[in-house]
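Please open the model in your viewer and keep the sequence panel beside it. The stops below say what to select next and what is to be found there.

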Amino acid sequence: MVTQGAAALGKIKIGVCVMEKKVKCGAEVHSAPMGQILERLQAFGEFEIILFGDKVILEEPVEDWPICDCLIAFYSSGYPLKKAEAYAELRKPFLVNELKPQYLLHDRRKVYEFCYLKRLEEFGVPVPNYALVNREFSYQELDYFFEHEDFVEVHGKRFWKPFVEKPIDGDNHSIMIYYPSSAGGGMKELFRKVGNRSSEFHPEVRRVRREGSYIYEEFMHTGGTDVKVYTVGPEYAHAEARKSPVVDGVVMRNPDGKEVRYPVLLTPAEKQMARDVCLAFRQAVCGFDLLRCEGRSYVCDVNGWSFVKNSYKYYDDAACVLRKLFFDAKAPHLSSTIPPSLPWKVNEPTQASEGLTRQGSGIIETSGQSEELRCVIAVIRHGDRTPKQKVKLKVTEEKLLNLMLKYNGGRPRAETKLKSAVQLQDLLDATRILVPRTRSGRESDSDAEDIEHAEKLRQVKAVLEEGGHFSGIYRKVQLKPLKWVKVQRNNDEAEEERPIEALMVLKYGGVLTHAGRKQAEELGRYFRNHMYPGEGTGLLRLHSTYRHDLKIYSSDEGRVQMSAAAFAKGLLDLEGQLTPILVSLVSKDSSMLDGLENASSEMEEAKARLHEIINSVQNPAKSNRRAEFPWMVDGAGLPANARSLLPKMYKLIKKITEQVKQLAKDKEEEFSMTSSYDVLPPYDQAKALGKINIDVDRIAAGLPCGSEGFLLMFARWKKLERDLYNERKDRFDITQIPDVYDSCKYDLLHNAHLNLEGLTELFKVAQFLADGVIPNEYGINPKQKLVIGSKIARRLLGKILIDLRNTREEAISVAELKFGDGNTAMIQRSRKEDSDQHPRQTHKLEDARRNSFTSEKSLDPDDDEDKETKYRLDPKYANVRTPERHVRTRLYFTSESHIHSFMNVLRYCNLDESLQHEDSLIYHSALERLFKTRELDYMSYIVLRMFENTEVLLEDPKRFRIEMTFSRGADLSTLEEPNNDADAALLHQEHTLPIKGPERLQDVGAYLTFEMMEKMLRPFAMPAEDFPQPPIPHPQAFSKSAGVLERWLNLWPFHKHASANK
């Protein structure tokens, strides 16, 4: 018990000059850190603890304050820091935390400037890239500060969204994060915890604050985790991780109501940063926030005096370190004296087990008790979307040509792309003026072209007005000059070129629907509950304790990005809007997950051959239906009567088009009587990101689901009718079959309430044809599928092999450290053999930090390896049964093309000349199921899981096995006949199809080693020079990361005695 009695002779007097609310001791508040540490110091019997108290501090002159040898003094609300300075000047005690530097901590400008200056001088304290905006009064206009739609500019330095805005007042915790329009826009406000919330998303806020002075800094992509570091002197640092408030703002608490945090190991560089912060600010006991981004760490806030909460191990360490600091200052001759044991260890209460209130998954099924899951890799298609659309028209209107010149820099022959809200608003304003308010009644052939042009302009206007907001993810316009003339320049005899005709291409649609968001979120929950080992709370506990290394990648398409964000929400049990989750957790990599350019010629060849087969007199599908392996023939899966089904399809499309045209006409007449040309309604973020629920009012009013109106619905069907069949040439374009099927499926799911006659019949015909056409567009036979698949998925395949190899190398390193060096020689030999086969790259990719959302991500496996081995749970402080368990998750969200390509390489890789004597990675029974599956629908996925058998020798290839499963995605059978009442309700009330569960690609009991997987996929992945072996970890890499605490353990052997007595 801490007392204020007279000092015993020879004891060092420790003055505690802080506000009483910061000093809590006694059993009733046993968790208060300050009280816990003071009681431990008192228990040594070497110190007298003197509590000054509020009355002394606030009311009495410093001359009357108690005299002490060492002083603990730090600022908090209402604390008279100047009086404390005067006392220190008068009595000259040893200061644990110096007082003058504490003024710096209350002004973020000074903290950042101080860190920056110190970094240039003696200390290395890196901070995020930042700039200061100083205002003398609210709303002061500054000539060096400019705000644009997606960035702010300060003194010529641009900060692109997402960026962070911090008040200069260190005690003001209202911190804003502004998101780019490409992610849906909006702002998230971070604040001190209120109940279970620490942040709030505001989708309508786009502009930054101007009421005061602020710091603007680069947003750091930390993977949704923050790290808090606590120093006790320059040689001791303890770190804890927590879920970042940036993600969803929900505070995770244990059963006692405390925020859940887990101790983590600091890297050597981070330990040096902790030492530098401690010395630079001259605060022995100091807390600061650390951001880990792309393999580097940055200090983003220095708090001053801070202690860890609810860690008896930390309280022991802190008391021992402070004891040594006091002796070094006042009794150096006693500094090395070590007590035989910790005096407070007797009758110490047992610390309660840490646990989350939210429950996770059960135990995953493996082939044996000795197996541990090490890696989960999934390639996942996006969720349900609206049909993708395109409008092309030639424009000669001066307003549109001037708009093109405005945004292409005035270059008459240069094309321009309009994507931002400002650009699209300009286009909408021009289009509204050009579109006639009423349709012309003339229908003669001479007017047909003008009527079609006016209809397309009206369609452009309708697309731009759709949803009442602009979002660059979903709409973009290209203007490309076609014709030019020379005209005389104004007030000049010289001539200049001017465009007189341009091609306008508007792309829209492909938006993730409310159903797609629901599907992705539900699939994330399924993964959480079924793909990971159970330890109380399964995946959530793994993730929060730094034993789950998660990275999520997405292509550049908006529907794919939002599917990834919704999946992450379900996987990690997050709450709130998708924009913050998207920006915080999802990395775009279009070079890996986008595009078909690498295989465009081969796909065109496949489509041409497909057209020949369908139109041939003798369809190979008829003659080869009884082949032993039906998937090996050209055009496998095509219906034998495909040619005869095309006229029927065309007739049914015309029937649907006429019905929608009538609906559009009725609504257009109603609209023309009530429409105004006012500005757009306020931005609606729910529509931009895909609603969670159906707009019941629209359905009840007989309108199409979502934001598509009848005019655009008619344009969609009319285009299909026009593109499928050319009456003049009497030719069907089979490449339109997937689009017809796409529209049928969408309207049958979302617009069944419109009761379009013939839609169900058209869906069955289109599905029958699409099941044969779509798989063959990616190769007409297995060998061509393999060529096309390897070209499209080449980079993805290489990255997956890197993921698997890194997982294996890390697991081996952990095993070496855990069980000693007995197997080191064998492992080093095997690595030497591997390195001979895989020459290392002669140069590294550029080491610049990359923005994971706003830029494409280059592939640097060396950097990846560094990040994945050093951010780890600290087992000394963690109350976790299996601290060595570490699972790597890599999720790749993409489109249909990459799913088909990846699957085709897995299916047919053994057909390559170099692998012809090998069996397929996929077993025969699974090949038959895949042939019958044909469609890989929305949310289809392929999963690779790597397991380590810890009872097998390290050099044995069977120590690591890979399990492959896949899912067909959305279950279309419920469209035809729901399996049960729940499926029927999901379909009719929520317009959502359930996701089919995973199916095996291997026989039960099959054993696929990593070596075999690598051998089979390497010919189709990145070439050897781009696919280097990751660096070999030093045998002591992890033990070195255990912290400076090891030195203190050597000084105080009673720690070992205490653990032995437990």
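**A guided tour by selection**

Start with glutamate 1014, which counts as buried because its relative accessibility is 8%. Bear in mind throughout that this is a predicted model. Now add arginine 805, which forms a salt bridge with glutamate 1014, the closest N and O atoms being 2.9 Å apart. This pair links distant parts of the chain, since arginine 805 sits in helix H24 (residues 794-819) and glutamate 1014 in helix H31 (residues 1010-1017), 209 residues apart. Arginine 805 is likewise buried, with a relative accessible area of 2%.

Next, select aspartate 747 and arginine 716, whose side chains meet in a salt bridge (3.1 Å, N to O). Aspartate 747 belongs to helix H21 (residues 737-750) and arginine 716 to helix H20 (residues 710-724), so the pair ties together parts that are 31 residues apart in sequence. Both aspartate 747 and arginine 716 are buried.

For a contrast in setting, go to glutamate 98 and arginine 282, which are joined through their side chains by a salt bridge (2.8 Å, N to O). Glutamate 98 is in the loop between strand E4 (94-95) and helix H4 (108-120), while arginine 282 is in the loop between helix H5 (268-280) and E17, so the pair ties together parts that are 184 residues apart in sequence. Glutamate 98 is partly exposed, at a relative accessible area of 32%, and arginine 282 is also partly exposed, at 38%.

From there, move to cysteine 286 in strand E17 (residues 285-293), a residue that counts as buried at 1% relative accessibility. Which residues should you display around cysteine 286, leaving aside its neighbours within four places in sequence? Its contacts are Val229, Tyr230, Thr231, Val277, Val302 and Gly304.

Select helix H1 (residues 33-43) next, where nine of the eleven residues are buried. What covers the buried residues of H1 includes strand E1 (12-17), strand E2 (47-51), strand E3 (70-73) and helix H6 (312-330). After H1 comes glycine 45, which has a positive phi, near 80 degrees.

For the last close view, turn to the surface, where Lys390, Lys392, Lys417, Lys419, Lys476 and Lys507 gather in a patch of positive charge. One of them, lysine 476, lies in strand E22 (residues 476-488) and is partly exposed, with a relative accessible area of 43%.

Finally, zoom out to the whole protein chain, which has 34 helices and 32 strands, and in which buried residues make up 57% of the 1062 residues.

Conventions
Residues numbered from 1 in each chain as written. Predicted model: local features only at pLDDT ≥ 70, side-chain atom pairs only at ≥ 80, totals over all residues. Heavy atoms only, no water. Patch = residues over 30% accessible without salt bridge, like charges linked within 9 Å, V, L, I, M, F, W, Y side chains within 5 Å. Areas by Shrake-Rupley, 256 points an atom, 1.4 Å probe, with all protein chains shown as cover. Salt bridge = Lys/Arg side-chain N within 4 Å of Asp/Glu carboxyl O. Lys, Arg positive; Asp, Glu negative; His and termini not counted. Charge placed at Lys NZ, Arg CZ, Asp CG, Glu CD. Helix = DSSP H or I, 4+ residues; strand = E, 2+ residues; numbered from the N terminus. Buried < 20%, exposed > 50% of the residue type's maximum accessible area, 1.4 Å probe, protein only. Contact = heavy atoms within 4.5 Å.
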